[in-house]
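Biologist: I'm new to reading structures, so I'd like to know what stands behind the words people use. Can we go through them one at a time?

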Amino acid sequence: MAQPQVSVVADKPHAKYERLIAAAKQVPPAKTVVVHPCDESSLRGAVEAAELGIIVPILVGPRAKITATATKYKIDIGRCELVDAAHSDDAAAKGVALIREGRGELLMKGSLHTDELMRAVTSSSTGLRTARRISHVFVMDVPTYPETLFITDAAINIFPDLDVKHDIVQNAIDLWVQIGLGTPRVAILSAVETVTSKIPSTIDAAALCKMADRGQITGALLDGPLAFDNAVDPEAARIKGIKSEVAGRAQILVVPDLEAGNMLAKNLSFLAKADSAGIVLGARVPIVLTSRADSVRSRMASCAVAVLYADARRRIAAAAVPAA
């Protein structure tokens, strides 16, 4: 099956997410391990994604709690496989074990804390680590911006060094490319657009761009350091005299650290009324991180992005198998 193509330009609020969800409906549903879906929002999100035909959920958690939640909120889980677990930590461990056994292509966070799930994911002996650093991407649908916007890393790596930033950047690029959005324009953000030893993130930005020049980072156009204004506003870039294919038109924003990224993503959500979907990359499978505060649209978009990525990985793996 050919890779579904997703338009990166939208002409109405939320259209970017709608197109991602529509593209996800065109590929086979992904078997998804849903860890501890014991509240209405996490359980309903998984079931609604199943009803859209984009995932096949395996619900992992205390059977009594899950069935009680389904009964209370009139959520039909009759067609979902249910794996009993004693509590949230046990659910995380069993969910990760199911992935290791090849039972699922995606892992989805339910109503447990993120650190509980990630502790099981990052376990050195029983987790889902790979050679790539694990990182998080916010997939933003900003009504005032014409492009789908990625922000990374705003949830996992607190103060990443240059080597970690390399993986953060490559993870985001791979996601963008493999879900069918084309070749991304990547802005490495700092407070200023000139390199100075007084602001270490500007040096990291310059190094990352040189890594791209030397083929150590592939699949994208990089520029940095860029301040936020001249990364996303063509006029700001023009005034500063910055001439590049990225400046003013960035699609992936790589932040200096978690604090900056978290504040940027939340500013867009609460002041610009943006929707934010979330996905963790670099593990054996994509991990869908949702919050109780997420809208239904955001939850569906998180699932859609993960499903498109899982489908791309599925096709890449199939192509790598030699013909008989």
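Modeller: Sure, starting with the largest cavity: its lining residues divide into 3 nonpolar, 2 polar and 1 charged. This is a predicted model, where local features need pLDDT of at least 70 and side-chain atom pairs count only at pLDDT 80 or more, while totals for chains, interfaces and linings use all residues. Residues are numbered from 1 along each chain as its sequence is written, and side-chain values use heavy atoms, with hydrogens and water left out.

Biologist: Which residues line the largest cavity, and what makes a residue nonpolar, polar or charged?

Modeller: The lining is made of Gly45, Ala46, Met108, Thr290, Arg299 and Cys303. Helix H2 (40-51) and H11 each give two or more residues to it. Ala, Val, Leu, Ile, Met, Phe, Trp, Tyr, Cys and Pro count as nonpolar, Asp, Glu, Lys and Arg as charged, and the others as polar, Gly among them. Put Ala46, Met108 and Cys303 in the nonpolar group, Gly45 and Thr290 in the polar one and Arg299 in the charged one, and you have the split.

Biologist: What makes a space a cavity and not a pocket?

Modeller: On a 1 Å grid over the protein atoms alone, a cavity is a set of points where a 1.4 Å probe fits but cannot get out; a pocket is an open set with protein on both sides within 12 Å along at least five of seven lines, and lining residues have an atom within 4 Å of a point. Searching the whole structure turns up 1 cavity of 30 Å³ or more. The largest cavity comes to about 30 Å³, and the largest pocket holds about 740 Å³.

Biologist: Which residues are closest to the centre of the largest pocket, and which element gives the most to its lining?

Modeller: 30 residues line that pocket, and Phe138, Thr290, Ser291, Ala293 and Asp294 are the closest to its centre. H10 gives the most, with 6 residues. Strand E5 (135-141), helix H10 (258-271), strand E10 (275-281) and helix H11 (296-320) each supply at least two. The whole lining divides into 11 nonpolar, 14 polar and 5 charged.

Biologist: How do you know that the span of H10 agrees with what a helix should have?

Modeller: A helix here is a DSSP run (H or I) of at least four residues, a strand (E) one of at least two, both numbered from the N terminus. The expected span is 1.5 Å times one less than the number of residues. For the 14 residues of H10 that gives 20 Å, and the end C-alpha atoms are 19 Å apart, so the two agree. Helix H4 (residues 88-100) passes too: its 13 residues should span 18 Å, and its ends are 18 Å apart.

Biologist: Which residues of H10 are called buried, and which exposed?

Modeller: Buried means under 20% relative accessible area, exposed over 50% and partly exposed in between, using a 1.4 Å probe and protein chains only. Leu258, Gly261, Leu264, Ala265, Leu268 and Ser269 are the buried ones in H10. They cover an arc of only 135° around the axis, so they sit on the same side of H10. Met263, Phe270 and Leu271, on the other side, are exposed.

Biologist: What about the buried residues of H4?

Modeller: Those are Ser88, Ala91, Ala92, Gly95, Val96, Leu98 and Ile99. They fall within an arc of 155° (taken from the directions from the helix axis to the C-beta atoms), so they line one face of H4.

Biologist: Why is Lys74 called exposed, and what is its phi?

Modeller: Its relative accessible area is 74%, so Lys74 is exposed. Its phi is near 55°, a positive value in a residue other than glycine. Lys74 lies in the loop between helix H3 (63-72) and E3. Lys273 has a positive phi as well, about 60°, and counts as exposed at 58%. You'll find Lys273 in the loop between H10 and E10.

Biologist: Why point out a positive phi or a cis bond?

Modeller: Because most residues other than glycine have a negative phi, and most peptide bonds are trans. Here, a cis bond joins Thr152 and Asp153, with omega about -5°, and another joins Gly224 and Pro225, with omega about 5°. Pro225 belongs to strand E8 (residues 221-226).

Conventions:
Points joined across faces, edges and corners; volume = space filled by probe spheres on them.
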